[in-house]
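Biologist: I would like to go through this protein step by step. Shall we put the structure up and begin?

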Amino acid sequence: MEGGLKPMDSEQLRENAHRMVDFIADYYKSIESFPVLSQVEPGYLHKLLPDAAPDRPESLQQVLEDVQAKILPGMTHWQSPNYFAYYPSNSSIAGFMGEMLSAGLNIVGFSWITSPAATELEMIVLDWLAKLLNLPDDFLSTGPGGGVIQGTASEAVLVVLLAARDKFLSRIGKSSLDKLVVYSSDQTHSSMQKACQIAGIYPENCRALKTDASTNYALSPDLLDEVISQDISTGLVPFFLCATVGTTSSTAVDPLPTLATVAKRNGMWFHIDAAYAGSACICPEYRPYIDGVEDADSFNMNAHKWFLTNFDCSPLWIKDRNALIQALSTNPEYLKNKASQANMVVDYRDWQIPLGRRFRSLKLWMVLRLYGVQNLQQYIRNHIELARQFEGLVSNDPRFEVVTPRVFSLVCFRLLSPDNDGDKGNKLNRDLLDAVNSTGKIFISHTVLLGTYILRFAVGAPLTEERHVHEAWKVLQDEASKLLATVQNN
């Protein structure tokens with residue numbers, strides 16, 4: 001191949017990868033100099049890049065100059081210490097190196113035979129993590145179930161929904177799809193709704209049960225019981241319940257033990273979504289939030305949110321691996337091999353939607369080994385302490401209120417309207433969000449609970465320190481003062 005860079009060459013790789021690592025390290029060194037939320041307008045990049053690929057090769061230096069000048073301004077900097085929006089998406093040195101190694105080996109590990117180490121390391125590492133979370137033995141690879149790394153929690157809830165659907169239809173008949181009912185709360189992640197759409201669950205049979213402040217927006221077992229009874233009386237079949245530990249809006253924690261009792265009484269599949277808060281449960285003091293998991297059929301957390309593992313890495317554990325395999329297995333001639341045919345091995349292609357899969361367990365393995373359990377626990381505790389400090393700052397300013405009790409490292413709060421007008425209060429907080437994010441100094445996001453517009457401050461970026469939290473609060477106070485002065489002058 002003419003023009004310098006070969007498809008693969010060990011010395012060229014060494015030279016160019018060193019330059020790329022230097023570029024990334026410099027990015028992290030200067031990350032606080034960028035506006036956290038990108039300030040560009042839609043379509044900005046089309047004006048900066050040519051409309052066709054180059055005929056002749058360009059240099060890495062030219063590409064990196066374009067990244068610096070044209071791509072980075074269009075980035076929202078999720079790894080910035082001043083990023084407090086949504087939930088975190090952790091990057092770490094260990095996670096990065098695991099990602100680099102995975103890219104370097106570049107295997108497609110759909111069956112055990114395609115790279116035995118990829119399958120076996122995933123089983124081992126997910127057993128490690130299951131033991132850290134004190135999950136029941138049924139979730140270990142040595143039992144009837146086991147763990148698998150999905151890309152996201154959205155994929156996790158979809159595959160277990162499909163497993164539950166097929167398990168029930170095999171019992172009551174495939175023509176009964178219109179009778180199957182799914183239960184969750186109105187705070188459950190929207191991926192539950194999307195999973196139902198993909199799985200063919202009738203929209204009118206997807207129950208998103210209302211929550212309110214009396215339960216801190218957790219799902220009420222009494223309401224669930226009542227709705228299930230109504231559904232059974234009309235000939236419907238309750239088959240799937242999704243509970244959440246740490247909802248997206250406000251980190252509500254559904255009462256797992258009581259919900260598990262309801263699910264068991266009605267013979268339903270019980271899934272727990274702990275995408276965000278699952279990481280905190282490696283700390284003994286937070287482990288009680290997943291009490292009841294022993295009665296769950298499946299449990300999911302995102303290591304890529306708050307566990308120093310680069311995106312994507314979403315461990316899912318299931319009690320009965322056969323339910324998943326029966327729903328998702330295919331066995332074409334071109335994939336047959338002795339180990340698989342003899343049922344001697346796990347083939348993860350039968351545990352997920354796509355066939356191909358990356359060597360994601362390397363990241364998690366490196367994170368667990370290079371940081372160790374004690375440092376990971378301290379990492380989580382530090383973020384929760386910083387959020388507690390922020391909660392205190394909000395509480396001490398009479399112009400603001402904390403809206404829901406802080407559980408982990410998310411604080412839900414709002415600026416109070418001077419005249420107690422709900423609509424004006426919502427506009428005031430929308431304006432405050434826009435003003436704060438437009439400064440580029442910090443980035444926060446919002447939610448709406450029972451019609452009230454609420455600001456969310458989620459601590460969890462690896463580089464965030466106490467000073468960043470206090471500086472963020474200063475930005476919020478300053479912008480609030482400007483807004484309130486404008487309101488009062490009108």
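Biologist: How many aromatic pairs does the structure hold?
Modeller: Keep in mind that this is a predicted model. Two rings pair if their centres lie within 6.5 Å. By that cut-off, the number of aromatic pairs in the structure is 22.

Biologist: Take the rings of Phe84 and Phe457. Is the pair stacked or edge-to-face?
Modeller: A pair of rings is described by the distance of the centres and the angle of the planes. For Phe84 and Phe457, the centres are 4.1 Å apart and the planes meet at 15°. Planes under 30 degrees apart count as stacked. The angle of 15° falls under that limit, so the pair is stacked.

Biologist: Where in the chain do Phe84 and Phe457 sit, and how many residues apart are they?
Modeller: Phe84 is in the loop between α2 (60–71) and α3 (93–105). Phe457 belongs to strand β11, residues 452–458. The pair links distant parts of the chain, and the separation is 373 residues.

Biologist: Are Phe84 and Phe457 buried or exposed?
Modeller: Buried means under 20% relative accessible area. Phe84 meets that description, and Phe457 does too: both are buried.

Biologist: Now Phe168 and Phe239. Is this pair stacked or edge-to-face?
Modeller: The ring centres of Phe168 and Phe239 lie 5.7 Å apart. Their planes are at 70°. Planes over 60 degrees apart count as edge-to-face, so this pair is edge-to-face.

Biologist: Which helix and which strand does that pair link?
Modeller: Phe168 and Phe239 are 71 residues apart, and their pair links distant parts of the chain. Both residues are buried. Phe168 is in helix α5 (residues 153–172), and Phe239 is in strand β4 (residues 237–244).

Biologist: Which residues form one aromatic cluster?
Modeller: We have already met two members, Phe84 and Phe457. The cluster also takes in a tryptophan, Trp473. The full list is Phe84, Phe390, Phe400, Phe413, Phe457 and Trp473.

Biologist: Let us turn to the whole chain. How many helices and strands are there in the protein chain?
Modeller: Both kinds of element are present. The chain has 14 helices and eleven strands.

Biologist: What is the radius of gyration of the protein chain, and what does the globule rule give?
Modeller: For 490 residues the globule rule gives 23 Å. The chain's own value is close to that, so it is as compact as a globular protein of that length. Its radius of gyration is 24 Å.

Biologist: What percentage of the contacts in the protein chain with a separation of 6 or more comes from residues 24 or more positions apart?
Modeller: A contact here means heavy atoms within 4.5 Å. Count the contacts with a separation of 6 or more, and the share from residues 24 or more positions apart is 75%.

Biologist: Is Gly246 buried or exposed?
Modeller: Gly246 lies in the loop between β4 and α8 (256–265). Among the residues it touches are Tyr87, Thr251 and Tyr276. The relative accessibility of Gly246 is 7%, so it counts as buried.

Biologist: Thr251 is in that loop between β4 and α8 too. What is its phi?
Modeller: Thr251 has a relative accessible area of 0%, so it is buried. It is not a glycine, yet its phi is positive. The value is about 55°.

Biologist: Asn106 also has a positive phi, near 50°. Is Asn106 buried or exposed?
Modeller: Asn106 sits in the loop between α3 and α4 (116–132). Exposed means over 50% relative accessible area. Asn106 has 60%, so it counts as exposed.

Biologist: What about Gly104: buried or exposed?
Modeller: Gly104 is in helix α3. Its C-alpha lies 9.9 Å from that of Leu13, with their positions 91 residues apart in sequence. The relative accessible area of Gly104 is 63%, so it is exposed.

Biologist: Which two residues does a cis peptide bond join?
Modeller: Omega of this bond is about 10°. One partner, Asp312, is in the loop between α9 (303–306) and β7 (314–318). The bond joins Phe311 and Asp312.

Terms used: Residues are numbered from 1 along each chain as its sequence is written. This is a predicted model: local features need pLDDT of at least 70, side-chain atom pairs count only at pLDDT 80 or more; totals for chains, interfaces and linings use all residues. Side-chain values use heavy atoms; hydrogens and water are left out. Helices (H or I, at least four residues) and strands (E, at least two) are DSSP runs, numbered from the N terminus. The radius of gyration is taken over C-alpha atoms; the globule rule is 2.2 Å times the number of residues to the power 0.38. Rings of Phe, Tyr and Trp (its six-membered ring) pair if their centres lie within 6.5 Å; planes under 30 degrees apart count as stacked, over 60 as edge-to-face and the rest as tilted. Buried means under 20% relative accessible area, exposed over 50%, partly exposed in between (1.4 Å probe, protein chains only). Lists of a residue's contacts leave out its neighbours within four places in sequence.
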